[in-house]
Each structure stands twice: as structure tokens, then as C-alpha cells.
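Please open the model in your viewer and keep the selection tool at hand. The stops below proceed from charged pairs to aromatic rings.

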Amino acid sequence: MIRFLYADQLHAFPRLADTMFRDRATQFHERLGWDVSVDRDGWERDQYDDLNPLYVIWEQPDGRHGGSMRFLPTTGRTMVNEHFLSLTGGVRIASPLIWECTRFCLAPDAKPAVSAALMLAGGEILRNFHLEHFVGVFDARMIRVYQLLGGTPDVLGMSGTGADAIGVGLWEFSQVAQDKLMRRSGVTQDQLHEWFAAAFPTGVKAALALAG
């Protein structure tokens with residue numbers, strides 16, 4: 001199932017949080033070789049995890065992390081604006097209609113459907129928070145994955161060549177993409193609504209209040 005959780009809610013799901021940050025260390029530090037920090041507990045966290053981001057997390061039946069993404073409003077601090085301005089020609093991406101998506105991570109044993117389910121959940125955030133786009137930094141090696149899932153970004157800028165290139169892109173969510181992701185994930189619209197309602201039972205105003 002999908003859980004929509006702010007950082008200050010993770011304490012209620014200790015196994016989910018522990019395995020998410022450990023899987024991030026495995027993916028970003030060990031497998032991709034990114035210059036990220038891993039603490040003594042084996043967790044990969046950064047300064048943006050301290051800003052109470054909204055996480056979308058696929059929870060496996062045993063409570064472990066299956067995959068996740070991290071979201072922050074671009075009206076506040078973001079990685080794109082603080083570390084990757086060179087990729088956008090110095091133009092800051094800041095709008096109440098755009099949130100940043102980072103740390104797309106999959107557990108080592110995640111099934112292919114998990115990626116599609118996470119992207120569907122991102123679309124649920126777009127709809128419920130009345131957003132138009134997500135912005136994010138991506139590894140060129142991910143472009144093929146995005147194409148398969150029907151979520152290819154509008155590239156704002158790139159640096160480097162080949163598999164080592166990195167870029168900044170804008171994502172939107174069309175009905176065509178949603179239908180494709182539902183087929184790939186096996187997740188229904190009713191399930192998405194149910195999972196979002198469980199996270200924010202009093203509606204979007206409460207969700208926005210939690211976002212601070």
C-alpha cells in the first residue's frame with residue numbers, strides 16, 4: 001500500500017522509516033556512487049529531510065519500505081534552487097503550483113509495479129494539492145524508466161554526457177499517463193483515493209497545514 005507521510009509522522013512507523021533510509025543508502029551511496037552522507041545507523045539523510053517533507057512510500061505487507069519519493073514546495077528551500085541552478089541557467093523554480101520531487105528510491109527487492117504505483121501517488125498529490133508540475137533532478141539513466149512508465153519530463157537543462165549526465169525536468173500528469181500507470185501497477189483509482197483519505201481524513205486544507 002501507499003502511505004503519504006510527513007517527516008514528523010515517521011516516528012509512528014519505525015520499521016518503514018528505518019528501511020527507507022537504509023534503502024536510500026544502498027541505492028544512492030552503494031549502487032550509484034553519489035556523494036551522499038550515510039550515518040552510523042546506515043541511513044542516508046540530508047538537510048532536506050529536516051524540512052518536514054512529504055514522503056510517498058510503498059509499504060510492503062511486512063511493514064518494510066518498498067519504494068519512496070520526497071516532496072517539498074518550491075516556495076521554500078529545494079535542491080534544485082540551492083544546488084542545481086547551473087542546470088536551469090540560473091533561473092529559480094519557485095511557484096505555489098510546483099513542488100520538488102527528489103530521492104526516488106526502490107528497495108532492492110521491489111517489484112516493477114512499485115515504480116508505477118509511486119508515480120500514480122505523485123499524480124494524486126498533484127490533484128489534491130492543486131499543483132501543475134513537479135520539478136526534479138534526474139540521472140540520465142532514468143530516462144528510459146520514465147519513458148516506460150509514461151512520465152517523461154520536460155527537460156529544462158542538462159549537464160554531462162552519456163549515462164553520467166544529470167538534468168532538471170518538469171513533470172505533469174496526464175490521463176494517458178495515469179491509465180498506463182494503473183495498468184502497470186495494478187492500483188485502482190479507488191485505492192489511491194482511499195490511501196490519500198487515510199493520510200488526510202479532513203481534506204487538503206489539513207494536508208497543507210501539515211506542510212507548514
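Which residue forms a salt bridge with Arg70? Select Arg70 in this predicted model and then Asp46: the two form a salt bridge, with their closest N and O atoms 2.8 Å apart. Arg70 lies in strand β3 and Asp46 in the loop between α1 and β2, so the pair ties together parts 24 residues apart in sequence. Arg70 is buried, at 1% relative accessibility, and Asp46 also counts as buried, at 17%.

Extend the selection to Arg24, Glu44, Asp49 and Arg103, which are linked with Asp46 and Arg70 in a network of salt bridges. The whole structure holds 13 salt bridges. Among them is the one between Asp62 and Arg64, at 2.7 Å from N to O. Here Asp62 is partly exposed, with a relative accessible area of 36%, and Arg64 is partly exposed at 24%. Next, display Arg77 and Glu82, whose side chains meet in a salt bridge at 2.8 Å, N to O. Arg77 counts as partly exposed at 34% relative accessibility, as does Glu82 at 36%.

Return to strand β3 (residues 65-73) and select Ser68. Ser68 is buried, with a relative accessible area of 1%. Its side chain makes a polar contact of 2.9 Å with the side chain of His65. Leaving aside residues up to four places away in sequence, Ser68 touches Met20, Val56, Ile57, Arg103, Phe104, Cys105 and Leu118.

Arg103 leads on to the aromatic rings. Its charged end sits over the ring of Phe28, 5.2 Å from the centre. Arg45 offers another such view, lying over the face of Phe21 at 5.4 Å from the ring centre.

The structure holds 12 aromatic pairs. Keep Phe21 selected and add Tyr55: the ring centres are 6.3 Å apart and the planes lie at 85°, so this pair is edge-to-face. Phe21 belongs to helix α1 (residues 14-31) and Tyr55 to strand β2 (residues 54-59), so that the pair links distant parts of the chain, 34 residues apart. Both residues, Phe21 and Tyr55, are buried.

Now select Trp58 and Trp195, with ring centres 6.0 Å apart and planes at 85°, so this pair is edge-to-face. Trp58 lies in strand β2 and Trp195 in helix α6 (residues 189-199), so the pair ties together parts 137 residues apart in sequence. Both Trp58 and Trp195 are buried.

For the final stop, select Phe4, Tyr6, Trp99, Phe129, Phe196 and Phe200, which ring pairs link into a cluster.

How values were computed:
Residues numbered from 1 in each chain as written. Predicted model: local features only at pLDDT ≥ 70, side-chain atom pairs only at ≥ 80, totals over all residues. Heavy atoms only, no water. Phe/Tyr/Trp six-rings, centres within 6.5 Å; stacked < 30°, edge-to-face > 60°. Helix = DSSP H or I, 4+ residues; strand = E, 2+ residues; numbered from the N terminus. Buried < 20%, exposed > 50% of the residue type's maximum accessible area, 1.4 Å probe, protein only. Lys NZ or Arg CZ within 6 Å of the ring centre and 35° of its normal. Contact = heavy atoms within 4.5 Å. Polar contact = N/O pair within 3.5 Å; in protein donor to acceptor, adjacent residues only side chain to side chain. Salt bridge = Lys/Arg side-chain N within 4 Å of Asp/Glu carboxyl O.
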